[in-house]
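Hi,

Here is the structure I promised to pass on. Have a look at it first, and then read my notes below.

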Amino acid sequence: MSGDTPRVLIVGAGPAGTRAAETLVAHGVAPVVVDENARSGGQIYRRPPNGFKRPAAALYGFEARKAQAVHAALDGLRERIDYRPDTMIWNIEGGVAQALGPDGIERIAFDALILATGAMDRVIPFPGWTLPGVFTMGGSQVALKAQGCAIGDPVVFMGTGPLLYLVAYQYAHAGARVAAVLDTSHLSQAIPVFPGLLRGGRTFAKGLWYMTWPRTAGIPVRRGITPVAAEGEAALEAVRYLDRRGRKHRITCTGLGIGYSVKSEVQLAELAGCEMAFDPLAQQWLPEADEDGRALKGSVYLAGDGAGVAGADAAEVRGRLAALALLADTGIAADRGLQARQRAKLRRIMRFRDALERAMPTPFHMARTLPDETVICRCEAITAGEIRQGRALDPAEMNRAKAFTRVGMGRCQGRVCGPAAAQILAAARGCGVEEVGRLRGQAPVKPLAIRAGAEAAIEDRARAASI
Amino acid sequence: MSELRTDVVIVGGGLVGCAAALRLRERGASVAVVEKNQLGAAASGVNFGGVRRNGRKLAELPIAARALKVWRRLPELVGSDCEYAITGNIKVARNEADLEQIAAHAEAQGEHGVEVQMLGRNALRDRYPWLGESAVGAAYCASDGQANPRLVGPAFARAARAAGAELIELDGAKHVARDGGGFVVETESGRTLRGGALINSSGAWGARLAARFGERVEIWPMEPQMIVTEPAPYFMVPVLAVVGGDVYARQIPRGNVIFGGRSGTADLDVGFAKVDAEESLTTLARTIDIIPRIADLSVIRFWSGVEGCTPDHLPVLCPSRTTPGLVHAFGFSGHGFCLGPASGAVAAELALDGRTETPIEGFDIGRFSEA
């Protein structure tokens, strides 16, 4: 690579991918930026399709300026980078990323890779969660931001994490009827970590504002609840839950948004050869990397929530840090002052994030005791009971559970159901969830259209024949 | 660590090894199986899943006939049908030369008692309107079928364990040697197993074990690469294979189409196969020529596994020529799933009796050193 600038591929054009690209361009390196969405911004700053008129303030609330800055940053780079929206990387092998874009399959060779793959909804299944009308929190947001519609009327939001209150706010603000906000965490969990939360400064203040806002708007907020079931004949009609004293409640609704924060999207990191380690707080296997996002081996860098969930502000910082690490590793002089400032900022955010995760913990344990008949893997319709029964050959391990029961074998390849299935298997075996391992990543990481794949192969054969 | 002494020690806990263990227990012999990976998880667990005699080499037909009897008894034998279904099998030709070749083979098979029916272009179209224009004719074998490979090996393992076999997994055989009149096996974790007889059912690694007893077989890894689609309406009952082997496909009643043709890569020292996605794209192209309607589906996963291939693509299934009490059952060259249940039983008989009723001419390890 010496002499030439490295060929850098950035996967993802959210806050992390955008800031990574910006930092590289500032140092004379023009990356390829691939993004699954039609417009940059990622999930958190998702932009409405062209022609939609809702203003940024209505779409992003307090974060409007940040969202607009991230959008503008990528828009400003368009002339200087190779930006490929609507394009999915479905495999990485041997220094080549295989992509599916509007023009079919493309192979993108790279010297260095920045993975800014973001996060997806973390789901804990419960009886009835597959009924029409039940959405994830992210799905609820997409409906609002990209389609300009609500998931039901009235709607209930249930789960925990900052997104719970943010989405409730966004819905109410857009004119939807929000019947309740049901939070599985309770205040007593926040008290011990209050000092950590205070480090969040403005972020914490905004979070508190979102959390208290529903009450001032007359929307009931219940904390310390336990989900019981989503009910309905052909579609959602009501949600049932227990309050913190164990009393039963039922709320009529046609839309239910559920979510427990988000989980990192790590499949591409695994295919790119990253070592994976179990993170006890996230209860997830994450690619191992240093503080700047440098993976342990190979020229792979991780940025944003794909490297462990820390939120949009951290994603911008980590995007810059990953780019700076890459530049340093390839012998391009980079701004050391910027690196020091970004590291310090990241440390502050991470302390706050840690406190936040503890204040609003994901109730992973809930999956362990789900009734046998609860569907866990919705692609293959595999129940909790089947996962518990399917472990007749010890040691019980996730890939074996998949082989025996089909859990995680469908369209989502375990991205949705994997964490809950691991909890159920671990509980059945009486061990920690890290001991049941993880579903091995395998290409394609998302469904791949056969026609597009076949066309790419035919072209190659034609080319080979013409040489 | 404690020492385990059994009548027979089996190195390799795939379908063949586990079926051998079950048969040994049925015969009243004590047995221990040592498997470096998970039981039934290597080639036995990740193969295509075809159970066929159509197109099979004549030398394998007798053991395939015995295997078929075992396949039909799976529920009573291992407590599950492992999704085994008799769906028929069509071997499809894309040109007249291939068609003549399969017709000649069908006739020879008929002489061995395997009923195979030839279908011309029109009959093929009438029966299977989903076939593409490139199919000009086929050989159809109604008694063939398919099963779920992920279930079969483990089901034999479970049944063998329930019958009293000692099954050790995730612990490979490190040292294997003669020991007085029998054999001693030391595992990676330091266990010692002693047996009067030893069955080498270690698949792609079988040649390495044979070499320790002075028997040379050239074996190379093959890594058939599979593709599975999202579920689609059930349209394809028989298993399909194209002459030349570059397309084979089956659909399961829940809708997924499973198909393959090309290979991944493997390193026997690393121990597992790696998918080569570019090769799978080629398979996609070749498969839509044969089954055009899958073009509108999406692939949800590729996978591969390591199998051992011999120079003549026939297994090594015989008593050792150098070492009394040693039985070889490896190198199934992609045929081990269908033949596995019977091959395990044959290996068990060879270990106990030194002989079997099932004709296994053509599988002797000596065939590679003669010539």
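The buried residues of helix H15 of chain A are covered by, among others, strands E17 (262–264), E19 (284–287) and E21 (375–377) and helices H12 (365–368), H13 (384–389) and H14 (398–405) of chain A. Helices (H or I, at least four residues) and strands (E, at least two) are DSSP runs, numbered from the N terminus. Buried means that 20 or more other C-beta atoms, placed from the backbone, lie within 10 Å of the residue's own.

Before going on: this is a predicted model, where local features need pLDDT of at least 70 and side-chain atom pairs count only at pLDDT 80 or more, while totals for chains, interfaces and linings use all residues. Residues are numbered from 1 along each chain as its sequence is written, with chains lettered from A and ligands numbered from 1 in the order in which they are written.

Back to H15(A): nine of its 12 residues are buried, including Pro419(A), Gln423(A) and Leu425(A). Right after the helix comes Gly430(A), with a positive phi near 70°.

Then there's the largest nonpolar core (buried Ala, Val, Leu, Ile, Met, Phe, Trp, Tyr and Cys residues joined through C-beta atoms within 7 Å). It has 147 residues, and Val155(A), Ala421(A), Phe156(B) and Ala347(B) touch the most other members. Ala421(A) is also one of the buried residues of H15(A). Helix H10 (residues 336–353) of chain B gives this core its largest share, 10 residues. Another core, of 127 residues, lies apart from it and includes Ile44(A) and Leu240(B).

Cheers

Notes. Contact = placed C-beta atoms within 7 Å.
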